[in-house]
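Subject: Structure handover

Hello,

Here is the structure I promised to pass on. Please open it first, then read the notes below.

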Amino acid sequence: MQFKRFLLATTLIAATAGNTGATGLKSLEEFVKTVKTGQADFTQVVTSPAKDGRVPRVKKSSGQFEFSRPSRFKFTYVKPFAQTIVADGQTLWLYDQDLNQVTARLQSQVLGSTPAALIASAADLKALQADFALADAPDKDGLEWVVATPTATDGQLQTVRVGLKASANGAPTLEVLEILDSFGQRSVLSFSGFQVNPALPANAFDFKPPVGADILRQ
């Protein structure tokens, strides 16, 4: 459920000063240009802000991620609860297995200025720059980083940092997304076993609501 909030939000942050020598933007441009399909496992750690002196709440989840640029992707959450988020090119489907509930939204209305656009939806860097101001951030933890500021200022997402691993012999791979929303909630998605341009089945992003599921169209 936390990923829904981050996926449908619409704001990010400007980069820090002093980024001389950083190459995150070049890696992001290469990633968007050359990685047309991708597949990886992911873990997600969501940390809520501390309130009234209490220890921050931490929620962990894991699953698989795949995409086919420019407009199709899927997050399949396996633990601790089964959920599926699918963009089929026209509709964004959110399926909560425990609730047996499906939410359907038009992609064109919800995906413009989101982390999904940064990593999977945009056709090229120019398309990203229509929604974001992109800037290098300093290299850290062996990764090259990009920070983006959306042109929209009324969303719930405050910052997103994209961590990419450069390769001398191939395309960069996506390693980390760090997301901070306007409520102070921090979400970190770490990707492993990233496959560059795998052959995905033609029906990989098809979604049919399960029989008996409640369907909400928004």
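**Arg-186 and the salt bridges**

Arg-186 counts as partly exposed, because its relative accessibility is 40%. Please keep in mind that this is a predicted model.

Arg-186 has a charged partner. Its side chain meets that of Glu-178 in a salt bridge, at 3.8 Å from N to O. Glu-178 also forms a salt bridge with Arg-161, where the closest N and O atoms are 3.3 Å apart. This second pair links distant parts of the chain. Glu-178 sits in strand 10 (residues 173–181), and Arg-161 sits in strand 9 (residues 157–165). The two are 17 residues apart. Taken together, Arg-161, Glu-178 and Arg-186 are linked in a network of salt bridges.

Is Glu-178 buried or exposed? Its relative accessibility is 18%, so Glu-178 counts as buried. The cut-off for buried is under 20%.

How many salt bridges does a search of the whole structure find? The search finds 4. One of them joins Lys-74 to Glu-66, with the closest N and O atoms 3.5 Å apart. Lys-74 and Glu-66 are both buried.

**A buried charge without a bridge**

Glu-175 lies in strand 10. Glu-175 is buried yet has no salt bridge. Which side chain of opposite charge is nearest to Glu-175? That is Lys-165, 4.5 Å away. A salt bridge needs the nitrogen within 4 Å of the carboxyl oxygen, so this pair does not count as one.

Glu-175 does have neighbours. Leaving out residues up to four places away in sequence, Glu-175 touches Leu-143, Gly-163, Leu-164, Lys-165, Leu-189, Ser-190 and Phe-191.

**The overall build**

The chain has 218 residues, and buried residues make up 47% of them. Its secondary structure comes to 5 helices and 12 strands. Among contacts with a separation of 6 or more, 56% are between residues 24 or more positions apart.

The 12 strands form an open sheet. Their order is 7-8-9-10-11-1-2-3-4-5-6-12, and the pairing is mixed. The edge strands are strand 7 (132–140) and strand 12 (214–217), and each pairs on one side only. From one strand to the next, the twist averages 20°.

One pairing to look at is strand 1 (residues 37–47) with strand 2 (residues 58–68). These two run in the antiparallel sense over 11 bridges. Thr-47 stands opposite Val-58 in strand 2.

Helix 2 (residues 24–34) packs on the sheet. Helix 2 touches strand 2, strand 7, strand 8 (143–150), strand 9, strand 10 and strand 11 (186–196). The direction of helix 2 makes about 85° with that of strand 8.

**Two residues in strand 2**

Glu-66 has its place in strand 2. Glu-66 counts as buried because its relative accessible area is 12%. Beyond four places in sequence, Glu-66 touches Gly-38, Gln-39, Phe-73, Lys-74, Leu-200, Ala-204 and Phe-205. One of these, Leu-200, is 134 residues from Glu-66 in sequence. In space, their C-alpha atoms are 8.8 Å apart.

Ser-61 is also in strand 2. Ser-61 has 15% relative accessibility, so it counts as buried. With residues up to four places away set aside, Ser-61 touches Phe-42, Thr-43, Gln-44, Tyr-77, Lys-79 and Pro-80. Ser-61 and Lys-79 are 18 residues apart in sequence, with C-alpha atoms 5.2 Å apart.

**The nonpolar cores**

In soluble globular proteins, nonpolar side chains tend to be buried together. Here the largest nonpolar core has 40 residues. Which of its residues touch the most other members? They are Phe-65, Phe-73, Phe-75, Leu-118 and Leu-128. Helix 4 (residues 115–121) gives this core its largest share, 5 residues.

Another core lies apart from it and holds 9 residues. Among them are Val-86, Val-102, Ala-204 and Phe-205. Ala-204 and Phe-205 are also touched by Glu-66.

Best wishes

Technical notes:
Residues numbered from 1 in each chain as written. Predicted model: local features only at pLDDT ≥ 70, side-chain atom pairs only at ≥ 80, totals over all residues. Heavy atoms only, no water. Buried < 20%, exposed > 50% of the residue type's maximum accessible area, 1.4 Å probe, protein only. Helix = DSSP H or I, 4+ residues; strand = E, 2+ residues; numbered from the N terminus. Core = buried A, V, L, I, M, F, W, Y, C linked by side-chain atoms within 4.5 Å. Lys, Arg positive; Asp, Glu negative; His and termini not counted. Contact = heavy atoms within 4.5 Å. Pairing = 2+ DSSP bridges. Axes fitted to C-alpha atoms, helices over the stretch in contact; angles between N-to-C directions.
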